[in-house]
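Open your viewer and get ready to select residues by number. We will go stop by stop.

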Amino acid sequence: MEIVFTAFINIQTMKKSALPDPFEKARLEKGFGEVEDQDDPVVMLLRHKDVRKCAHNWKTFQSGAAPGRIVVPSEVKIRDTRQIPFELDPPEHREYRDLLEDWFRRPLQADYQAQLQEQISAVIETALDKESVEVVGEFSLPLQSRALTLLLNTPYEEAEKWIAWGTHVFRSEESALDADKANILYDYIDQAIDKAIEQPGEDLYSLLLASEAQGRKLTKEEVKGTMILTFAGGRDTVINAVTNSIAYFAEHPASLQRLREEPEIMGRAVEELVRYFAPLTHMGRVVTEDTQVCEHAVKADSRISLCWASANRDPSVFENPNEVILDRKMNPHVGFGFSHHKCLGATHARQLLKTLLCVLVEKVESIDIQDCTENIEQWGEFNRKVGFDQLQVKFNPLK
Ligand code: EMZ
């Protein structure tokens, strides 16, 4: 009776913006979960310590397997192009990553930040003029795509094409793995590469085409693999982070007010939101030798995954892990991954979120949620809410 009552209270008090932690019991009891994925099962690691340890051990848990295999759900059936640098292991990995690191640090530059600020202000101004905004499609997707033009250093107008592709480049409403949709991206990138060969510019394509690795120029296929990752990796993840932020501040107006009064905690707030949202639930690795994880045997050529979402709620590392504590001091979250493969786009994503918070604080008094549909991923026994399929809100201006 008591249990039923508690569950009832939880449903009553559960906020729409909350992302519950479905991994708690399994993380505590055994440390892993098992997921079926297209006849290629995955052992999900759930504890912060194990996730970090295995992320670091690239020899036993490799990324450079068949293209698409470390992604869960596996994309082996819909692509042959290796995404670079994320589907490579050291030492090659380092060489390709080195080519990109300075470029991906540009979001720290003042002019980049000024342009981001201008873009995000415009998206918020448009939203403020409406009685109702569907945040995923009308707010987060355009915001993400326009910001990506800065990261690639391509014309602002290109974003309109990318917006038309929707939130995920490999998934559609009809299918979790949509080959036709993937082809739209591949064709687009092939054409963009050919254009950059004919007319080199100041964009990421041209930089890559002029770069060398392994003692030779990058091949077109390698440039393509790098661009696919840039388009795919920071798309639904950024869209979820932005949408979840709007939902969170809608239901926590005092937090928005606090950021207005204490702008110095903005950086910490971004880290905490990324910890709490964990926009990418997990990422796989392929096991290279028979071994054990959490005292559980795993065979060579099987898959494990590093569950960032679960690690970020591990109570042995984070006090009150299910609460958003905007100025959390110690925050070794793995929302951007960990070790060699930690997110290359993280500087851009952090700057985007920070700018979003700054503009919200400056222009928005409050946000009302009118309607929403949750986006829930199913991983074996775990149902993980990652964000929303749709979130209808009204933005109210700060007077
Ligand atoms: C891959 C992945 C990268 C994958 C960091 O994540 O993101 C997924 O959304 C894509 O489907 O191909 O790019």
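**First stop: a loop**

Select D39, which is found in the loop between strand 1 and strand 2. This is a predicted model. Look at the backbone here: D39 has a positive phi of about 60° although it is not a glycine.

**The five-stranded sheet**

Now show the strands on either side of that loop. Strand 1 covers residues 32-35, and strand 2 covers 42-45. Both belong to an open sheet of 5 strands. In what order do the strands of this open sheet lie? The order is 1-2-10-7-3, and the pairing is mixed. Strands of a sheet pair through backbone hydrogen bonds, either parallel or antiparallel.

Which strands form the edges? They are strand 1 and strand 3 (61-62), and each pairs on one side only. Zoom in on strand 3. It is joined by 2 bridges to strand 7 (residues 283-287), and the two strands run antiparallel. Select F61 and look across to strand 7: its bridge partner there is V287.

Next, add helix 3, residues 48-56. It lies across strand 2, strand 3, strand 7 and strand 10 (303-306). Relative to strand 10, helix 3 runs at about 120°.

**Two cis prolines**

Move on to the loop between strand 3 and helix 4 (92-101), where you will find P73. Select V72 together with P73: the peptide bond from V72 to P73 is cis, with omega near 0°. P91 lies in this loop between strand 3 and helix 4 too. Select P90 with P91, and check the peptide bond from P90 to P91: it is cis, with omega near 0°.

**The ligand**

Center the view on the ligand. Which residues surround it? Select V71, E75, Q83, F86, F170, L229, A232, G233, D236 and L280. Color this shell by class: 6 residues are nonpolar, 2 are polar and 2 are charged. Which helix gives the largest share of the shell? It is helix 10 (residues 220-233), with 3 residues.

**A pair of helices**

D236 in the ligand shell takes us onward, as helix 11 covers residues 236-251. Show helix 11 with helix 15 (residues 346-363). Two packed helices are described by the angle between their axes and the distance between the axes. For helix 11 and helix 15, the axes come within 11 Å and cross at roughly 25°. That angle makes helix 11 roughly parallel to helix 15. The crossing of helix 11 and helix 15 is right-handed.

Now turn on the side chains where helix 11 and helix 15 touch. On helix 11, select V238, A241, V242, S245 and F249. They meet A349, L352, L353, L356 and L360 in helix 15. How do the residues of this contact divide by class? There are 9 nonpolar residues, 1 polar and no charged.

**The three-stranded sheet**

Keep helix 11 on screen and add strand 11 and strand 12. Helix 11 lies across strand 11 and strand 12, running at about 60° to strand 12. These strands belong to an open sheet of 3 strands, in the order 4-12-11, with antiparallel pairing. The edge strands are strand 4 (133-134) and strand 11 (364-379), each pairing on one side only.

Finish at strand 4. It pairs with strand 12 (residues 382-397) in the antiparallel sense over 2 bridges. Select V133 for the last view: it stands opposite V393 in strand 12.

Definitions and conventions. Residues are numbered from 1 along each chain as its sequence is written. This is a predicted model: local features need pLDDT of at least 70, side-chain atom pairs count only at pLDDT 80 or more; totals for chains, interfaces and linings use all residues. A residue is near a molecule or strand if its C-beta atom, placed from the backbone, lies within 6 Å of it. Helices (H or I, at least four residues) and strands (E, at least two) are DSSP runs, numbered from the N terminus. Ala, Val, Leu, Ile, Met, Phe, Trp, Tyr, Cys and Pro count as nonpolar, Asp, Glu, Lys and Arg as charged, and the others, Gly among them, as polar. Axes are lines fitted to C-alpha atoms, for helices over the stretch in contact, and angles run from 0 to 180 degrees between N-to-C directions. Angles under 35 degrees count as roughly parallel, over 145 as roughly antiparallel, 65 to 115 as roughly perpendicular and the rest as oblique. A crossing is left-handed if the near helix is turned anticlockwise from the far one by less than a right angle, and right-handed if clockwise. Two residues are in contact if their C-beta atoms, placed from the backbone, lie within 7 Å. Two strands pair if DSSP finds at least two bridges between them.
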